[in-house]
Amino acid sequence: MSLKAIHGAVFLILAIVINSATCDSSAQIPDTVSALNSWFQANVKPVESRKGTLDPLLVAAEAKPKIIKVRKNGSGDFKTVTDAVKSIPLKNTQRVIVDIGGGVYTEKVEIDVDQPFVTFYGSPKDMPTISFGGTAKKFGTDDSATLIVMGDYFVAANIIFQNTAPKPEGAVGGQGVALRIWGNKAALYNCKLLGFQDTLCDDHGIHFYKDCYIEGTVDFIFGRGKSMFVNSELHVIKDKFLTVITAQARSMPEEDTGFVFAHCTITGEGDGANDRNGAYLGRAWQKMPRVIFAYTKMGSAVSVEGWYDNIHPERQKTVEFAEYKSSGPGFTPEKRVKYSKQYTAAQAEPYLTLDYVEASKWLLPPPQL
């Protein structure tokens, strides 16, 4: 066989291997919202049936979960979430489920980088609220968060995270984060994130959000995460200066990060037909943000232009702002800025799959107690 033929055969084999590794049709998000739950259940099964694909450390951690209870009335193991988290040893190798009773916990909580496998669980019928009023002026933007998650494999289900700092109204240092996730491979189910500017700091790592509610004014979902948001509501609170949903922070070509929204809804205040009053889907906070909205119902709060270059026209050539098969009065593709894209099915496919967040390695169903 000639050297050219050998090279050709090697290339063909590599192409087959790469395609088979990245194209799992069953993991593709369905095009109808009614099929979401059955699709999720078929692809995100309990650990017992997935030990061959899940991260070995995760399998070991899930073997015998430990449950600790937080109750404000003193009937649990702890009265505060802070004390419960402090009880978890560093370099923990066991899943610890912090079962949080109903009520408002006024605390600023941090999960250490050496505290992996932590779950915050609340009853869906009596969701607890973790609330604090930290601001960028006092703590810095990222560290203003009510909950800071530095550890890997974090899970939250049926929890309200709130930053009670007042609406900034343009004041320097008024930003207040409700939740900051720096740890890798984190999942949130049926959670609410409440705040104004910078509500969610999706800081770093791979994350998955399902059935969540996130509200805010400016950049209320921001950071350098590689994250997927499914069947979640993004609620716009009008800001008199600038209203923006996302500020994704990808800044270099080699960064494999970006926000994907699938089967979400955008609700809230503002008139998108008037650009000054409409909410932008995203702005070019950094040089190369990547944000894709697919199958999303966009309310009238969304600006007809859709996207904002942040007064950096040179970034119009480097942003990846895209939409695919969305709907609603705020979906006006004919009026979008020219540097945004309306994806074809082939262009959207790599982003509309659980493979985007490597789900087969770590994503588990929401806990049930």
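This tour moves through a predicted model from the whole chain to its sheet, one buried strand, a second set of strands, and the internal spaces.

**The whole chain**

Begin with the entire protein in cartoon view, where seven helices and 27 strands can be displayed. The radius of gyration is 21 Å, close to the 21 Å that the globule rule gives for 369 residues, so the protein is as compact as a globular protein of that length. Along the principal axes, the C-alpha trace extends over about 70 × 60 × 35 Å. Colouring by burial will mark 54% of the 369 residues as buried. Of the contacts between residues at least 6 apart in sequence, 69% join residues at least 24 apart.

**The open sheet of 11 strands**

Next, select the strands β1, β2, β5, β8, β11, β14, β17, β20, β23, β26 and β27; in that order, these 11 strands form an open sheet with parallel pairing. Its edges are β1 (66-70) and β27 (341-342), each of which pairs on one side only. Strands of a sheet pair through backbone hydrogen bonds, either parallel or antiparallel.

For a view of one pairing within this sheet, select residues 96-100 (β2) and 118-122 (β5). Five bridges connect these two parallel strands, and V96 of the pair has V118 in β5 as its bridge partner.

**Strand β20 and its neighbours**

Move along the sheet to residues 258-262, which make up strand β20. Is this strand enclosed or open to the surroundings? Five of its five residues are buried, so β20 is largely enclosed by the rest of the structure. Display the side chains and note their directions: G258, V260 and A262 point one way, F259 and F261 point the other way, and all are buried. In a regular strand the side chains alternate between the two faces of the sheet.

Now add the flanking strands. β17 (residues 226-230) pairs with β20 in the parallel sense over five bridges, with M228 matched to V260 in β20. β23 (residues 290-294) also pairs with β20 in the parallel sense, over four bridges; here F259 has V291 in β23 as its bridge partner.

**Strands β18, β21 and β24**

Select residues 233-236 (β18) and 265-268 (β21), which form a parallel pair over four bridges. Within this pair, V236 stands opposite G268 in β21. Then add residues 297-298 (β24), joined to β21 by two bridges and running parallel. The bridge partner of T265 in β24 is K297.

**The largest pocket**

Turn to a surface view and centre on V47, E62, L364, P365 and P367, the residues nearest the centre of the largest pocket among the 25 that line it. The elements giving two or more residues to this lining are α3 (56-61) and β11 (186-189). The pocket holds about 480 Å³ of space. Which classes of residue line the largest pocket? There are 18 nonpolar, two polar and five charged residues.

**The cavity**

Finish inside the protein, where a search of the whole structure finds one cavity of 30 Å³ or more. To see its walls, select N163, A165, P166, P168, G174, Q175, G176, G195, F196 and Q197. About 50 Å³ of space lies within the largest cavity. Its lining comprises four nonpolar and six polar residues, with no charged residues.

How values were computed: Residues numbered from 1 in each chain as written. Predicted model: local features only at pLDDT ≥ 70, side-chain atom pairs only at ≥ 80, totals over all residues. Heavy atoms only, no water. Pairing = 2+ DSSP bridges. 1 Å grid on protein atoms, 1.4 Å probe; cavity = no way out; pocket = protein on both sides within 12 Å on 5 of 7 lines; lining within 4 Å. Points joined across faces, edges and corners; volume = space filled by probe spheres on them. Nonpolar A, V, L, I, M, F, W, Y, C, P; charged D, E, K, R; others polar. Rg over C-alpha atoms; globule rule 2.2 N^0.38 Å. Buried < 20%, exposed > 50% of the residue type's maximum accessible area, 1.4 Å probe, protein only. Contact = heavy atoms within 4.5 Å.
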